[in-house]
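Hi,

Here is the structure I said I would pass on. Have a look at it first, and then read on for my notes.

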Amino acid sequence: MPDALTSRFNMVDSQVRTADVTDLRLIDAMRATPREAFLPASQKALAYLDRDIALDGEDNVYLIKPVVLARLLQAAEIGLTDRVLVTGGAAGYAAAIAGHLAAEVVAVCTTDKVAAASRTALSSACGLSNVTVTAGAAGKGDAAAGPYDVIVLDGATEVVPQALYEQLKPGGRLVGIFAHSVPSRATIVTRSAADYGARTLFDATAPILPDLKRLPAFTF
């Protein structure tokens, strides 16, 4: 069985780079970030598979597919001076990658347990000091720490995440999977002075984040 470093490089070369991810800063960041550090011990062997991974003991908390995350981050065009919000079930891994690209990152994980594990991984396995991790609802983000140049929705939404839109700076970008229709699509939303514009990036799937599910329609 290959060691974790070999598996990580294989993931980047066989899954990420073959999907038109060409940003060298992003590629280097993914090579530098140990995905297994953000998984429980029982699941570390799954870290570099091309799949969404549900965290043991956590309801509706996932690491989304590496290639989907990579394509979202590339589309966001994170700059060296940017402030970034990553919000979702297990946002720590995505925040770690963003931490190599941006000046400052705020991560919102679904539960206190996942947030605590992410802090440990970021400090001990990644050596990053520019990422702050909190716990909360993905769709609420962290307005108190905003506004942000980039928001990464680390999962999918069935509703318009208006509260996140409002945390963008003018010119800021939000990327995520929008499951408003079939098929679901990766989308980038850009804030202008007066409005928000959305553009489809590619077809993609990811687990729906619990607080961003569409409410059942009432019928008589």
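Before anything else, one cut-off: a residue is called buried when its relative accessible area is under 20%, exposed when it is over 50%, and partly exposed in between. Also keep in mind that this is a predicted model.

With that cut-off in hand, start at Phe-38. Its relative accessibility is 8%, so Phe-38 counts as buried. What does the structure hold in the way of aromatic pairs? There are two of them, and Phe-38 belongs to one. The ring centres of Phe-38 and Tyr-93 are 5.9 Å apart and the planes meet at 65°, so this pair is edge-to-face. The two partners come from distant parts of the chain, 55 residues apart: Phe-38 is in the loop between helix 2 and strand 1 (53–54), while Tyr-93 is in helix 4 (residues 92–99). Tyr-93 has a relative accessible area of 2%, so it is buried as well.

The other pair is Tyr-165 with Tyr-196. Here the centres are 5.2 Å apart with the planes at 35°, so the pair is tilted. Tyr-165 lies in helix 6 (residues 162–165) and Tyr-196 in strand 9 (residues 196–203), so the pair ties together parts that are 31 residues apart in sequence. Are these two rings buried or exposed? Tyr-165 is at 7% relative accessibility and therefore counts as buried, whereas Tyr-196, at 25%, is partly exposed.

Back to Tyr-93, which has another neighbour to look at. The charged end of Arg-35 sits over the Tyr-93 ring, 5.4 Å from the ring centre. There is a similar arrangement to look up elsewhere: the charged end of Arg-71 sits over the ring of Phe-202, 3.9 Å from its centre.

Arg-35 and Tyr-93 turn up again when you look for empty space inside the model. Rolling a probe the size of a water molecule over the atoms shows where empty space is left. How many cavities of 30 Å³ or more does that give? The count comes to one, and the largest cavity has a volume of about 40 Å³. Its lining is made up of Arg-35, Leu-63, Ile-64, Leu-69, Ala-90, Tyr-93, Ala-94 and Asp-154. Sorted by type, the lining residues are six nonpolar, two charged and no polar.

Arg-35 has one more role in these notes, as a contact of Lys-65. You'll find Lys-65 in the loop between strand 2 (62–63) and helix 3. Which residues does Lys-65 touch, not counting residues up to four places away in sequence? They are Arg-35, Asp-50, Arg-51, Asp-52 and Thr-205. This lysine has a relative accessible area of 19%, so with the cut-off at 20% Lys-65 counts as buried.

Further along the chain, Leu-212 is worth a click. Leu-212 is in the segment after strand 9, and its relative accessible area is 3%, so it is buried. Leaving aside neighbours within four places in sequence, Leu-212 is in contact with Gly-139, Leu-153, Ala-156, Thr-157, Glu-158, Val-159 and Pro-161. For a sense of scale, the C-alpha atoms of Leu-212 and Ser-42 are separated by 29 Å, and these two residues are 170 residues apart along the chain.

Now for the backbone. Where are the cis peptide bonds? A cis bond joins Gly-146 and Pro-147, with omega about 5°, and Pro-147 sits in the loop between strand 5 (131–135) and strand 6 (148–157). A cis bond also joins Val-182 and Pro-183, with omega about 0°; Pro-183 is in the loop between strand 7 (168–178) and strand 8 (185–191).

Positive phi values in residues other than glycine are the last thing on my list. Asp-20 has phi near 65° and is placed in the loop between helix 1 (4–16) and helix 2 (24–32). Its relative accessibility is 62%, so Asp-20 counts as exposed. Glu-77 has phi near 50° and lies in the loop between helix 3 (66–76) and strand 3 (83–88). With a relative accessible area of 61%, Glu-77 is exposed too.

Have fun turning it around on screen.

Cheers

Technical notes: Residues are numbered from 1 along each chain as its sequence is written. This is a predicted model: local features need pLDDT of at least 70, side-chain atom pairs count only at pLDDT 80 or more; totals for chains, interfaces and linings use all residues. Side-chain values use heavy atoms; hydrogens and water are left out. On a 1 Å grid over the protein atoms alone, a cavity is a set of points where a 1.4 Å probe fits but cannot get out, and a pocket is an open set with protein on both sides within 12 Å along at least five of seven lines; lining residues have an atom within 4 Å of a point. Grid points are joined across faces, edges and corners, and a volume is the space filled by probe spheres set on the points. Ala, Val, Leu, Ile, Met, Phe, Trp, Tyr, Cys and Pro count as nonpolar, Asp, Glu, Lys and Arg as charged, and the others, Gly among them, as polar. Helices (H or I, at least four residues) and strands (E, at least two) are DSSP runs, numbered from the N terminus. Buried means under 20% relative accessible area, exposed over 50%, partly exposed in between (1.4 Å probe, protein chains only). Rings of Phe, Tyr and Trp (its six-membered ring) pair if their centres lie within 6.5 Å; planes under 30 degrees apart count as stacked, over 60 as edge-to-face and the rest as tilted. A charge sits over a ring if NZ of Lys or CZ of Arg is within 6 Å of the ring centre and within 35 degrees of the ring normal. Contact means heavy atoms within 4.5 Å.
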